[in-house]
Amino acid sequence: MPADIKSFCVELFKVNAIKFGEFKTKVGLMTPVYCDLRVIVSYPKLMETLTGLLVEQLTRIKNIDILCGVPYTALPIATCVSMSTSIPMVMRRKEAKDYGTKKLIEGVFKLGDKCLIVEDVVTSGSSILETVNDLKAAGIACENAVVLLNREQGGEGILKKNGIKMHALLTMTELIGYLREADCIDDSVVVKVKAYLKEAQVDASVLLKTPSEDRLKLSFASRAKVAKNPVAEELFRIMTTKQTTLCLAADLTSSTDILNLAEQAGPHICLFKTHIDIIEDFHPNFLKPLQEIAERHNFLLFEDRKFADIGKTVELQYRKGVYKISSWAKVVTAHSITGKGVLDAIKASGEGAGVFLLAETSAAGSLIDEKYTKATLKLAEQYPDLITGIVCQSPLFLQNPGLLQLTPGVQLDAKSDGLGQQYNTPDNVVRDRGADIAVVGRGISKAKEPEITAEKYKSILWDAYSKRLQE
Ligand SMILES: O=c1ccn([C@@H]2O[C@H](COP(=O)(O)O)[C@@H](O)[C@H]2O)c(=O)[nH]1
């Protein structure tokens with residue numbers, strides 16, 4: 001422990017950053033000790049000492065790419081630490097602004113960057129977890145938090161269960177011990193605070209439902225049990241049984257080629273995705289053998305129709321015309337741009353249907369922004385029994401393990417296709433971008449040996465999922 005921590009505690013006491021008496025907490029309970037670190041911005045010397053103490057603490061933590069202070073008290077503290085260490089900082093907004101870039105996380109970062117959280121005081125750890133959730137949703141990894149004071153009320157354990165290791169400079173017991181030594185408080189205060197700490201442990205179950213419900217940490221088998229859409233449940237079970245998270249995009253224009261591809265890749269996929277309207281020799285008779293192959297190899301047929309019209313038109317597009325999509329596709333895609341009507345139409349027309357709603361796209365220059373993505377997730381929440389999952393590129397809806405994240409734009413070798421498609425590797429989409437199911441099209445359909453290639457993608461993707469569970 002650095003030599004000057006004791007005098008630092010006494011200084012905090014002198015500037016009323018630590019107070020003893022009877023105080024009401026945020027949740028209305030009484031506490032005999034109150035910490036208000038907001039005042040220390042008015043004492044540059046104290047800020048300097050705190051920065052030095054935190055910097056020393058973080059030298060023990062490996063692999064820090066960026067820092068993020070928990071708003072608001074820890075923002076200036078994180079800024080000082082960033083300036084002193086030259087580790088870049090990002091800032092989390094409590095609300096996404098509704099103009100300009102609409103970002104929740106400000107600053108420059110890369111997907112997968114490892115972020116160290118900076119916080120002043122931890123009671124339950126919930127403020128850190130809120131920040132971690134937004135950082136993770138932006139694709140930033142969080143495993144460590146450096147903290148001034150651990151109030152010893154359960155926060156450390158709650159954070160640990162959520163995969164965050166807390167590195168505190170000081171515990172409440174140490175703090176009151178130092179203040180007693182310096183005669184700032186008497187024995188009766190020490191007794192009161194100790195008794196309070198024993199009683200006022202935070203009930204983890206009433207906090208954010210994070211550890212057990214972060215979908216990235218749950219197996220597909222356990223997620224099957226909480227899925228509300230029957231197609232999602234079935235998919236989770238197929239994925240578990242066949243050990244595959246591979247969706248094959250069969251973007252071919254001949255029915256024979258599509259059937260051959262389905263036969264070859266069948267054993268290695270959970271979903272077979274079509275754009276039925278690109279088939280040049282389409283005849284309804286083509287659907288029967290396709291369904292037979294799907295049944296034999298235990299995968300689901302998925303029409304990537306991207307419905308986006310008014311409800312009535314969607315109803316017709318879904319049920320009628322040459323393709324009669326609702327009669328054979330277990331799951332379809334839809335845009336959220338026209339709102340509820342699309343989903344109402346599909347729900348009314350398809351028994352036990354499933355929909356993947358598009359919240360983000362893999363296309364370069366997409367006009368979808370953060371506000372649209374958030375609104376899409378809100379819309380999905382209103383149709384729990386219809387929505388199978390979300391099509392997106394980043395780890396969204398972490399607290400809804402019953403939904404599946406479907407991520408297209410996946411290839412082992414290519415970065416783009418010259419027409420706006422952007423590719424990421426299978427490992428990256430699963431471990432950094434939160435994909436449950438990865439969509440691979442040309443990476444397999446244009447390969448010399450599609451069957452062997454499909455098996456290769458399947459095994460890399462499954463490996464990445466297994467690693468993700470342990471990370
Ligand atoms: O954002 C999106 C949504 C859908 N797709 C579809 O996925 C496949 C990708 O094929 P590749 O050959 O692997 O590029 C294709 O059917 C798209 O319509 C997407 O790419 N991005």
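These legends accompany several close-up views of a predicted model.

**View 1. The whole chain sets the scene for the close-ups.**
Before zooming in, it helps to know the overall make-up: the protein chain holds 18 helices and 16 strands. Of its 471 residues, 44% are buried. Among contacts in the protein chain with a separation of 6 or more, 67% are between residues 24 or more positions apart.

**View 2. Helix 10 and helix 11 pack against each other.**
Helix 10 (residues 255-265) and helix 11 (residues 287-297) meet at an angle of about 5 degrees, and their axes are 10 Å apart. The pair is therefore roughly parallel, helix 10 to helix 11. On the helix 10 side of the contact, look for Leu259, Ala262 and Glu263. Their partners in helix 11 are Pro289, Leu290 and Ile293. Sorted by class, this contact of helix 10 with helix 11 has five nonpolar residues, one charged residue and no polar ones.

**View 3. The buried side of helix 10.**
Staying with helix 10, we can pick out its buried residues: Ile258, Leu261, Ala262, Gln264 and Ala265. These residues span an arc of only 165 degrees around the axis, so they sit on the same side of helix 10. Their cover includes two strands, strand 9 and strand 10 (271-274). Helix 11, helix 17 and helix 18 also help to cover the buried residues of helix 10. Ala262 is worth finding here, as a buried residue of helix 10 that also takes part in the meeting with helix 11.

**View 4. Helix 18 has a buried side and an exposed face.**
Helix 18 runs over residues 450-470, and its 21 residues should span 30 Å at 1.5 Å a residue; the end C-alpha atoms are 30 Å apart, so the two agree. Its buried residues are Pro450, Thr453, Ala454, Tyr457, Lys458, Leu461, Ala464 and Tyr465. Because they cover an arc of only 140 degrees around the axis, they fall on the same side of helix 18. An α-helix has 3.6 residues a turn, so residues three or four places apart point the same way. Turned away from that buried side is a face with the exposed residues Ile452, Ser466, Lys467 and Gln470. The buried residues of helix 18 pack against helix 10, helix 16 (426-431) and helix 17 (442-445), as well as strand 9 (246-249) and strand 16 (437-440).

**View 5. Helix 3 and its neighbours.**
The twelve residues of helix 3 should span 16 Å at 1.5 Å a residue, and the end C-alpha atoms, 16 Å apart, agree with this. Ala74, Ile77, Ala78, Cys80, Val81 and Ser82 are the buried residues of helix 3. They pack against helix 2 (44-58), strand 3, strand 4 and strand 6 (114-122).

**View 6. Backbone features on either side of helix 3.**
Tyr72 is placed in the loop between strand 3 (66-69) and helix 3 (74-85). Here the peptide bond from Pro71 to Tyr72 is cis, with omega near -5 degrees. At the other end, just after helix 3, Ser86 takes a positive phi of about 65 degrees, although Ser86 is not a glycine. Ser86 belongs to the loop between helix 3 and strand 4 (89-92). Is Ser86 buried or exposed? Ser86 counts as exposed, because it has 6 C-beta neighbours inside 10 Å.

**View 7. Phe397, a buried loop residue with a positive phi.**
Phe397 is found in the loop between strand 14 (387-391) and strand 15 (404-407). Its phi is positive, about 35 degrees, although Phe397 is not a glycine. With 21 other C-beta atoms within 10 Å, Phe397 is buried.

**View 8. Two pairs of residues brought together from separate parts of the chain.**
Pro230 lies in helix 9 (residues 230-242). Although Pro230 and Gly352 are 122 residues apart along the chain, 6.3 Å separates their C-alpha atoms. Pro230 is partly exposed, with 16 other C-beta atoms within 10 Å. For the second pair, turn to Gly339, in the loop between strand 12 (331-335) and helix 14 (340-349). Gly339 and Asp309 are 30 residues apart along the chain, and their C-alpha atoms are separated by 9.4 Å. Gly339 counts as partly exposed, with 13 C-beta neighbours inside 10 Å.

Conventions
Residues are numbered from 1 along each chain as its sequence is written. This is a predicted model: local features need pLDDT of at least 70, side-chain atom pairs count only at pLDDT 80 or more; totals for chains, interfaces and linings use all residues. Axes are lines fitted to C-alpha atoms, for helices over the stretch in contact, and angles run from 0 to 180 degrees between N-to-C directions. Helices (H or I, at least four residues) and strands (E, at least two) are DSSP runs, numbered from the N terminus. Angles under 35 degrees count as roughly parallel, over 145 as roughly antiparallel, 65 to 115 as roughly perpendicular and the rest as oblique. Two residues are in contact if their C-beta atoms, placed from the backbone, lie within 7 Å. Ala, Val, Leu, Ile, Met, Phe, Trp, Tyr, Cys and Pro count as nonpolar, Asp, Glu, Lys and Arg as charged, and the others, Gly among them, as polar. The expected span of a helix is 1.5 Å times one less than its number of residues. A residue is buried if 20 or more other C-beta atoms lie within 10 Å of its own, exposed if 12 or fewer, and partly exposed in between; C-beta atoms are placed from the backbone. The arc is that of the directions from the helix axis to the C-beta atoms.
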